[in-house]
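Colleague: Before we discuss this model, I should like to hear the reasoning behind the terms you apply to it. Shall we take them one at a time?

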Amino acid sequence: MKKLIPLVAVALMGVAATSCGDSTPTGGDFGKPLIFYNRQPTLADNSVDKSVMNWSDLTFYGGFDAVAGGDTQGQMVVDYIKEHAAEMDRNGDGTIGYVLAIGQNSHNDSSARTIGVRKALGTGDTADDTAQSKIGSIKANDGETYQIKELAAQEMRDSAGPWSSSVAGTAMAGWINQYGNQIDLVVSNNDGMAEGMIAQYGQGVVIPTFGYDANASTLDLILEGGSMKGTISQNHHAQVLTVLQLLRNYFDGETGEGMYTKGFTTPDKAGNQIKSAKVAYNADTKALLAENGIVTIDNAQSVKDDVLDSGVTKTTKDTVKHKILWTVYSSTDNFLNQTYIPTVERYLDKFNYDITWVKGDGTQETSVTNYFTNLNNYEAYVVNMVEPTNGALYQDLLANA
Ligand code: BGC
């Protein structure tokens, strides 16, 4: 791992150098769509990088509402504690102790979840990857008040990248040794890490565990009725369709408002309109954001059914197969490879796109940018950066193509 650091440093210096060049066009003169998805271009403090978003009229972000998602995850956990506190308190000390798996410090989805959960539990309001010392409290539905204590928190990253399920498993094994039955609750920034942790609990041990993403394997665990009690759906159908629709609007000749209203708030030229979840446009960040939803044993089966969006059933009349270059930061990320990308494939026959996929190694931007080439062969670009601060790097590559 250590050996890689100089290489990473060199790569990042390259990024800084190229993104400061005066080659970057401004104000819509690039002329082809550049759609970021899943990893919103951000600055080092995880706020949206508006200069990247304002690079051209056809630059957009298609994702989901990260902040509302973190709040929703926090609410789901609090609701569960209120209902089940007495049975959760494994050592009967009146305190619900929890451990927190953090996905990626430099990813605003991850920090929003960490903050949302801590705020709801009263243990803090920051995204630090160290345990918070503030003690929260929740009055349960049975009238008893329980203290809430964060025992440990850690970013789960290894040489294959962040959001690591296996690192989460190793961390959980250590925490079980250290804290034993003080651990009454496990919260994870995503499902893959939650699954890695559950695998360590031991036969018959139930520790209520909450993830994020609603991956099929996690929905199965929820339906089995063991430790996995809930997750959040980021409404992957609506999110995937957001990207496909933005591209479609461009190919249909839409401009200005038409880009983010057609297929969203009004039907597009084919008569399609996303219905599976609400998608809101944020003009300030040029982001189309799907809403999130709580998933528990009550609705896990209907989420697992994974039906196609009932509003998007018509095939475009445009018969040209449009060539798209589409990047994925990691070939092993569980949400993207288990849930998101297969969903893209399920809608392709409606949109008529010819996608060239580039999948990275999860750690080095060059594992993607080395294949972000022959750019003039494509009509549009869909980008998932390895590091969310690297949006301008892709724009420089496009500008110089
Ligand atoms: C998902 C994570 C995933 C990450 C990848 C997040 O929105 O919840 O599971 O690892 O995106 O960028």
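Modeller: A helix, as the word is used here, is a DSSP run of H or I with at least four residues, and helices are numbered from the N terminus. The model itself is predicted.

Colleague: Which element gives the most to the lining of the second largest pocket?

Modeller: That is H4, with 6 residues. Helix H3 (66-88) and helix H4 (108-121) are the elements that give two or more residues to this lining.

Colleague: What makes a residue part of that lining, and which lie closest to the centre of the pocket?

Modeller: A lining residue has an atom within 4 Å of a grid point. Of the 19 residues that line the second largest pocket, Asp 65, Ala 66, Val 67, Asn 108 and Ala 112 are closest to its centre. The pocket's volume is about 330 Å³, and its lining comprises 7 nonpolar, 8 polar and 4 charged residues. At least three lining residues come from each of domain 1 (3-62 + 240-281 + 315-399) and domain 2 (67-233).

Colleague: What makes the other space a cavity, and how many cavities of 30 Å³ or more does the structure hold?

Modeller: A cavity is a space where a 1.4 Å probe fits but cannot get out, whereas a pocket is open. The structure holds 1 cavity of 30 Å³ or more, and about 110 Å³ of space lies in the largest cavity. Among its 13 lining residues, Asn 38, His 107, Trp 163, Asp 333 and Phe 335 are nearest the centre. H4 and helix H11 (334-351) each give two or more residues to this lining.

Colleague: Why is the largest cavity said to lie between domain 1 and domain 2?

Modeller: Both domains give residues to the cavity's lining, so the cavity lies between them.

Colleague: How do you know that Asn 38 makes a polar contact with the ligand?

Modeller: The cut-off for a pair of N or O atoms is 3.5 Å. A polar side-chain atom of Asn 38 is 2.6 Å from a ligand oxygen, so the pair qualifies. For Asp 333 the corresponding distance is 2.5 Å, and for an N or O atom in the side chain of Gln 234 the value is 3.1 Å; by the 3.5 Å limit these are therefore polar contacts as well.

Colleague: How much of the ligand's area does the protein bury?

Modeller: Alone, the ligand exposes 310 Å², and the protein buries 100% of that.

Conventions
Residues are numbered from 1 along each chain as its sequence is written. This is a predicted model: local features need pLDDT of at least 70, side-chain atom pairs count only at pLDDT 80 or more; totals for chains, interfaces and linings use all residues. Side-chain values use heavy atoms; hydrogens and water are left out. On a 1 Å grid over the protein atoms alone, a cavity is a set of points where a 1.4 Å probe fits but cannot get out, and a pocket is an open set with protein on both sides within 12 Å along at least five of seven lines; lining residues have an atom within 4 Å of a point. Grid points are joined across faces, edges and corners, and a volume is the space filled by probe spheres set on the points. Ala, Val, Leu, Ile, Met, Phe, Trp, Tyr, Cys and Pro count as nonpolar, Asp, Glu, Lys and Arg as charged, and the others, Gly among them, as polar. Domain bounds come from an automatic or database domain assignment. A polar contact is a pair of N or O atoms within 3.5 Å; within protein, one must be able to donate a hydrogen and the other to accept it, and residues adjacent in sequence count only if both atoms are side-chain atoms. Accessible areas come from the Shrake-Rupley method with a 1.4 Å probe; for residues, only the protein chains shown count as cover.
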